[in-house]
Amino acid sequence: MSGREGGKKKPLKQPKKQAKEMDEEDTAFKQKQKEEQKKLEELKAKAAGKGPLATGGIKKSGKK
């Protein structure tokens, strides 16, 4: 065994993927995803404006 063959072999470089043509279904799907993302962000902004839903923290017992 020669020293050159030891160790991991580097993978061959893959050719770059061609930008595939997007048909109408793909464009419609991406547009729908963008709209849903906007709605989620708006809802998050609304929720952030309000206080916490449940009063969290340490519960205090009645003892003093």
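A negative surface patch is formed by Asp 23, Glu 24, Glu 25 and Asp 26 in this predicted model, where a patch joins like charges within 9 Å among residues with over 30% relative accessible area and no salt bridge, that is, no side-chain nitrogen of Lys or Arg within 4 Å of a carboxyl oxygen of Asp or Glu. Of these residues, Asp 23 lies in the segment before helix H1 (24-49), and Asp 23 is partly exposed, at a relative accessible area of 42% (buried means under 20%, exposed over 50%, and partly exposed in between, with a 1.4 Å probe and protein chains only).

The protein chain has one helix and zero strands, taken as DSSP runs of at least four residues (H or I) and at least two (E). The number of buried residues in H1 is zero out of 26, so H1 lies largely in the open, and 0% of the 64 residues of the protein chain count as buried.

Residues are numbered from 1 along each chain as its sequence is written. Local features need pLDDT of at least 70, side-chain atom pairs count only at pLDDT 80 or more, and totals for chains, interfaces and linings use all residues, while side-chain values use heavy atoms, with hydrogens and water left out.

Terms used
Patch = residues over 30% accessible without salt bridge, like charges linked within 9 Å, V, L, I, M, F, W, Y side chains within 5 Å. Areas by Shrake-Rupley, 256 points an atom, 1.4 Å probe, with all protein chains shown as cover. Lys, Arg positive; Asp, Glu negative; His and termini not counted. Charge placed at Lys NZ, Arg CZ, Asp CG, Glu CD.
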